[in-house]
Amino acid sequence: MTTPFRVFRIAFHVNRGKPGAAAARARLSARAQKLGLKVVQGTKKLDCVVALGGDGTMLSAVHKFPGVPLLGLNLGSLGYLAAVEEPRFDDALDALAHGKFVLSHRSMLNARGHLALNDVVVTHLTAGHELTLELMVDGMPATRFSADGLIISTPTGSTAYSLAAGGPVLLPDTQSFVVTPVCPHALSSRPLVVRDTARLTVRATCAAAVHVDGAEVFRLRAGESVDVFKAESSVSLVELTGYDPCEVLARKLGWSGSVRLAQNPA
């Protein structure tokens, strides 16, 4: 879903560990001001945050600036969230200043009040140890996983940890979540796609840790469960005119090939 929006006040959120990040921030800040955008410090009264780094920088911005639209400029390697590459940085600021973009509202997960744009992950407290997890969907038993952990991801997060664990890629506007086991101990264990209105309950048979967007937020005792469901709030990402999620996937994943249209022999 997209929404028109005008931007006047912006802030930069920069991963200073990236080579050239500070210089890029200084140059882009000067350009933004020439375009009539007001560059401010802090977290209040912002129309947009420009995240300069990679997807980790974007996730950091999500949690630091809740409710503020985000534009991701990629200084990393992959960058699904920070999808704008360096040759288009200036174009992105021009589009921001002239309103030539749309906002894409990305769904989030809620786990005991902790919100995740990418995923909620339940893992064993000791790396590499088997963890048995029971999954219920809307209160009904669904399956049991014996694995190193379990990932519940949004469509946005389907290209993150879930993808690395063998999960499917969902387009951003898909109204579903993905449940992906990490290193399952049975060949029959496969990722599960569920509607995003479902309430998922994960019960751990032994002590486990719960991570939200890569950060541990709480732990489960043996026999304790956690409910994971769609959050009421969402994250607004700035998408430039002509943005195509399939093009981003093709570029980032190295997809190639051609489509041959069947010709009518008549």
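Student: Where in the chain does arginine 112 lie?

Tutor: Before we look, keep in mind that this is a predicted model. Arginine 112 lies in the loop between strand S6 and strand S7, the latter covering residues 114-116. That loop belongs to the hairpin of S6 and S7, which has two residues between the strands.

Student: What is the phi of arginine 112?

Tutor: Arginine 112 has a positive phi of about 55 degrees, although it is not a glycine. As for its surroundings, arginine 112 is partly exposed, with a relative accessible area of 42%. There is another residue to set beside it, lysine 45, whose phi is near 55 degrees and is likewise a positive value in a residue other than glycine. Lysine 45 is found in the loop between strand S3 (38-39) and S4, and it counts as exposed because its relative accessibility is 72%, where the cut-off for exposed is over 50%.

Student: How do I read the pairing of strands, and in which sense do S6 and S7 pair?

Tutor: For each pair, ask for the direction, then the number of bridges, and then an example of two residues that stand opposite each other. S6 and S7 pair in the antiparallel sense over three bridges, and leucine 109 stands opposite alanine 116 in S7. S6 is also joined to S17 by 10 bridges, with the two strands running antiparallel, and here the bridge partner of alanine 111 is valine 228 in S17. S6 is mostly covered, since nine of its 11 residues are buried.

Student: Which strands pair with S4, and in the parallel or the antiparallel sense?

Tutor: S2 pairs with S4 in the parallel sense over five bridges, with isoleucine 10 standing opposite cysteine 48 in S4. Five bridges also join S4 to S5, and these two strands run parallel; in this pair valine 49 stands opposite leucine 70 in S5. Between S4 and S5 the chain crosses through helix H2, giving a β-α-β crossover that is right-handed.

Student: Are the faces of S4 covered or open?

Tutor: Both faces are covered, with Cys48, Val50 and Leu52 buried on one side and Val49, Ala51 and Gly53 buried on the other. Helix H2, at residues 55-64, has buried residues as well, namely Thr57, Met58, Leu59, Ala61 and Val62. What covers them includes strands S2, S4, S5, S6 and S17.

Student: How should I think about a nonpolar core, and how many residues does the largest one have?

Tutor: The general idea is that nonpolar side chains tend to be buried together in soluble globular proteins. Here the largest nonpolar core has 27 residues, and those with the most contacts inside it are Ile10, Leu52, Leu71, Leu73 and Leu96. S2, H1, S4, S5, H3, S6 and S17 each supply at least two residues of this core, and H3 gives the most, with six residues. A second, separate core of 25 residues includes Val122, Ile152, Val179 and Val210.

Student: How do I read a salt bridge, and how many are found in the whole structure?

Tutor: In general, side chains of opposite charge can pair when their charged atoms come close. A search of the whole structure finds 12 salt bridges. One of them joins the side chains of aspartate 138 and arginine 195, at 2.4 Å from N to O. This pair links distant parts of the chain, with aspartate 138 in the loop between S9 and S10 and arginine 195 in strand S13, 57 residues apart. Arginine 199 and aspartate 227 also meet in a salt bridge, at 3.3 Å from N to O. Arginine 199 lies in the loop between S13 and S14 and aspartate 227 in strand S17, so this pair ties together parts that are 28 residues apart in sequence. In addition, salt bridges that share partners join Arg27, Arg31, Asp90 and Asp94 into one network.

Student: Which side chain of opposite charge is nearest to aspartate 119?

Tutor: The nearest is arginine 106, which is 13 Å away, and aspartate 119 is buried yet has no salt bridge. Aspartate 119 is placed in strand S8, residues 119-124. Among the residues that aspartate 119 touches are Leu109, Ile152, Tyr161, His211 and Asp213.

Note on methods
Residues numbered from 1 in each chain as written. Predicted model: local features only at pLDDT ≥ 70, side-chain atom pairs only at ≥ 80, totals over all residues. Heavy atoms only, no water. Buried < 20%, exposed > 50% of the residue type's maximum accessible area, 1.4 Å probe, protein only. Helix = DSSP H or I, 4+ residues; strand = E, 2+ residues; numbered from the N terminus. Contact = heavy atoms within 4.5 Å. Core = buried A, V, L, I, M, F, W, Y, C linked by side-chain atoms within 4.5 Å. Lys, Arg positive; Asp, Glu negative; His and termini not counted. Salt bridge = Lys/Arg side-chain N within 4 Å of Asp/Glu carboxyl O. Pairing = 2+ DSSP bridges. Right-handed = clockwise from strand over helix to strand, strands pointing away. Lists of a residue's contacts leave out its neighbours within four places in sequence.
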